[in-house]
Structure formats: structure tokens, C-alpha cells
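This report describes the empty spaces and the ligand site of one protein model. The sequence and the structure are shown first.

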Amino acid sequence: MTSLSTDAPAPLLVTRDGGVCTLTLNRPSALNSFTVEMHGLLLPALEQAAADPEVRVVVLTGAGRGFCAGQDLNDPAMAPKDGGAPDVGDVVARYYRPLANRVRTMPVPVIAAVNGVAAGAGANLALCCDIVVAARSASFIQAFSKIGLVPDCGGTWLLPRLVGRAHALALAMTGDKLPAEEAARIGLIWRCVDDAAFATEVQATAARLAKMPARALAETRRLVDEATTLGFDAGLVAEAQSQGALGTAHDFAEGVAAFRDKRAPVFTDR
Ligand code: T3D
């Protein structure tokens with residue numbers, strides 16, 4: 001009889017540095033691919049960060065040489081059910097949909113620090129984040145077509161909006177590896193930085209965002225996303241409504257006072 005080790009490393013590491021909460025996917029031997037256990041830790045960690053007024057920015061990254069290779073294809077969740085096919089739709093609805101929605105509605109900015117290969121749902125999880133910084137050695141792969149699936153975790157919605165239909169379909173249909181530099185060039189991500197500068201760049205970006213007005217940043221994301229389904233004037237109306245609410249909040253008064261006093265503002269709204 002073999003005994004199972006109980007001291008396996010946690011598949012998610014959560015660290016805090018001031019207002020920066022870093023969530024590190026931690027299954028490096030399987031390129032941080034998603035198991036049910038990892039899902040069971042990541043969503044609650046995001047909920048906790050969302051509820052914590054001290055958290056001003058979330059950084060999502062991966063341990064080892066990969067960011068995330070999407071669904072762990074060896075996870076029991078992928079096992080055939082009752083002798084038939086695995087219930088992939090159920091896995092997507094149960095885990096990836098709530099995860100993608102949580103990331104897209106966080107009350108603080110979310111940075112994807114893509115340290116290495118991001119494939120399948122791992123790539124699209126990164127693209128769900130507000131700002132994607134990738135190391136030059138990283139890459140993005142819409143791996144789904146290689147195993148007979150469609151892009152999930154928001155991929156079909158995000159890809160055409162980020163890079164247009166031509167690139168979206170080519171990336172999704174071929175499943176080709178897109179190097180980080182090319183991903184930045186076509187607008188899939190914000191920035192590609194040299195590996196040696198990656199950690200410093202991520203840290204600096206997070207520290208900068210942590211000092212910014214989180215509520216206004218989250219509102220900005222919401223307006224930008226909702227504007228894709230609005231006419232121009234409806235977009236103007238939405239901006240006015242949002243500005244009206246923000247204009248009575250602490251951060252606006254603080255921002256203006258700090259400008260007049262020639263000092264750095266201290267934003268606290270969430
Ligand atoms: O239920 C559902 O499926 C619904 C949800 C779907 C969402 C999805 O994400 S579907 C897409 C799933 N992901 C993939 O198909 C990607 C599979 N991985 C790869 O194609 C390659 O690993 C990469 C291109 C990402 C990286 O290639 P490379 O050569 O740098 O590394 P590698 O040698 O292939 O992988 C290193 C190890 O990680 C290896 O393990 P080993 O042989 O050393 O013990 C490999 O098996 C493991 N690994 C990589 N990706 C996965 C994985 N293990 C399980 N699941 C993976 N997705």
C-alpha cells in the first residue's frame with residue numbers, strides 16, 4: 001500500500017506587499033495548468049482581495065518557467081463521465097466563467113505578469129486582466145483548436161476586441177505560438193519587457209497603480225467594456241453618470257486638493 005504525501009506545495013501562493021496582492025499559480029511542473037484544487041483556491045483569493053479595502057492592486061503570475069498552460073488535461077475533472085466523454089461544458093461553466101467574471105469586475109486593477117508560456121485558458125485568463133506585462137521569453141497560445149475545442153475563459157469575446165477579427169481568428173484557428181514581442185506589437189498585450197527587467201517592471205507598475213484612485217480605475221474598465229455595445233451618445237451619457245458619482249467621492253476631492261497643495265494625493269476609495 002502506498003501512502004500519499006500530504007506536504008505537496010500549495011497550488012496557489014498569496015503574498016501582500018503594502019497594497020499589492022500577488023497571486024502566484026504554483027504548479028510549475030505542469031506549467032501551472034488548472035486543477036479543480038487550484039480553481040478552489042484562486043477564486044476565493046480573488047474574492048478576498050476584492051473585499052479587503054487595503055488591497056489596491058492584484059498581480060497574477062506563475063511560478064517557474066510558465067504562466068499557465070490552461071486546463072490540466074490530466075486532472076480528474078477531465079476524466080470521462082460514466083464511460084462517456086468528460087463534461088467540458090460543465091468545467092467551463094463551473095470554473096472558468098466565474099473566474100473570468102471575477103477578474104473583469106475586481107474593484108481594483110489586475111495586472112497579469114506573464115512570466116512564461118500562457119496557453120489555452122491560461123492565455124485568456126491573462127487577457128482578462130487590465131494590464132498585461134509579459135517577459136520577452138513568454139508566449140501566448142490559443143491551444144484550444146489543437147484539442148478540438150473553442151477559445152474559452154473569455155477568448156472569443158476578448159480576442160477580436162483586442163486585435164481585430166483577422167488576428168483573432170488566425171490565432172484561434174492555428175493555435176500558433178505568439179511570442180510576447182509580437183503580442184505587444186499587435187496590441188494583444190500592453191508591454192513586453194526583457195526578462196532581466198521583468199520583475200522590476202511588474203513591481204513598479206503595481207506600486208504605481210496601488211497609489212492611484214482604484215474606484216475610478218475600476219469605473220474606467222467598466223465604461224470601456226460597456227462602450228463596446230453602446231452608441232457614441234450613449235457612451236457620453238454613461239461617462240456623465242459615472243463622473244457624477246465619482247465627483248462626489250473622496251478621491252476626487254483629494255485629487256483636486258492635492259493638485260492645489262502641490263502634494264501627492266492619498267486615494268482611498270474602492
Ligand atoms: O475541461 C476542459 O478542458 C475545459 C477547459 C478548457 C480550457 C483549456 O485551457 S483547454 C487547453 C488546455 N491546454 C493545452 O492544451 C496546452 C497543453 N500544453 C502544451 O501545449 C505545451 O505544454 C505548451 C505549448 C504550453 C508548452 O510546451 P513546452 O514544450 O514548453 O512544455 P511541455 O514539455 O509540453 O510541458 C511541460 C510539462 O507540463 C509536461 O509535463 P512532463 O512531461 O514534464 O511531466 C507537460 O505534460 C505539462 N503540461 C503542460 N501543459 C499541460 C501539462 N499538463 C497537464 N495539462 C496541461 N495543459
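## Definitions and basis

On a 1 Å grid over the protein atoms alone, a cavity is a set of points where a 1.4 Å probe fits but cannot get out, whereas a pocket is an open set with protein on both sides within 12 Å along at least five of seven lines; lining residues have an atom within 4 Å of a point. Grid points are joined across faces, edges and corners, and a volume is the space filled by probe spheres set on the points.

The model is predicted: local features need pLDDT of at least 70 and side-chain atom pairs count only at pLDDT 80 or more, while totals for chains, interfaces and linings use all residues. Residues are numbered from 1 along each chain as its sequence is written, and side-chain values use heavy atoms, with hydrogens and water left out.

## Cavity

By this rule there is one cavity of 30 Å³ or more. The largest cavity holds about 30 Å³ of space. Its lining consists of Phe-140, Ile-141, Gln-142, Leu-171, Asp-176, Leu-178 and Leu-188, that is, five nonpolar, one polar and one charged residues (Ala, Val, Leu, Ile, Met, Phe, Trp, Tyr, Cys and Pro count as nonpolar, Asp, Glu, Lys and Arg as charged, and the others, Gly among them, as polar).

## Largest pocket

The largest pocket encloses about 560 Å³. It is lined by 24 residues, of which Arg-104, Cys-129, Asp-130, Arg-221 and Val-224 are the closest to its centre. By class, the lining comprises 16 nonpolar, three polar and five charged residues.

Strand E7 (131-135), helix H4 (155-174) and helix H7 (214-227) each supply at least two lining residues (helices, H or I, of at least four residues and strands, E, of at least two are DSSP runs, numbered from the N terminus). H7 contributes the most, with six residues.

## Ligand site

The ligand sits in the second largest pocket (more than half of its atoms lie within 2 Å of the grid points). It is surrounded by 25 residues (a heavy atom within 4 Å), the closest being Arg-65, Gln-71, Leu-73, Met-78 and Ala-121. This shell divides into 16 nonpolar, six polar and three charged residues. Helix H2 (88-104) and strand E6 (117-119) each supply at least two of the shell residues, and H2 has the largest share, four residues.

Among the polar contacts (pairs of N or O atoms within 3.5 Å), a side-chain atom of Arg-65 lies 2.9 Å from a ligand oxygen. A ligand nitrogen is 2.9 Å from a polar backbone atom of Ala-69, and a ligand oxygen is 3.4 Å from a polar backbone atom of Ser-29. Taken alone, the ligand exposes 1000 Å², of which the protein buries 66% (Shrake-Rupley method, 1.4 Å probe).

How values were computed:
A polar contact is a pair of N or O atoms within 3.5 Å; within protein, one must be able to donate a hydrogen and the other to accept it, and residues adjacent in sequence count only if both atoms are side-chain atoms.
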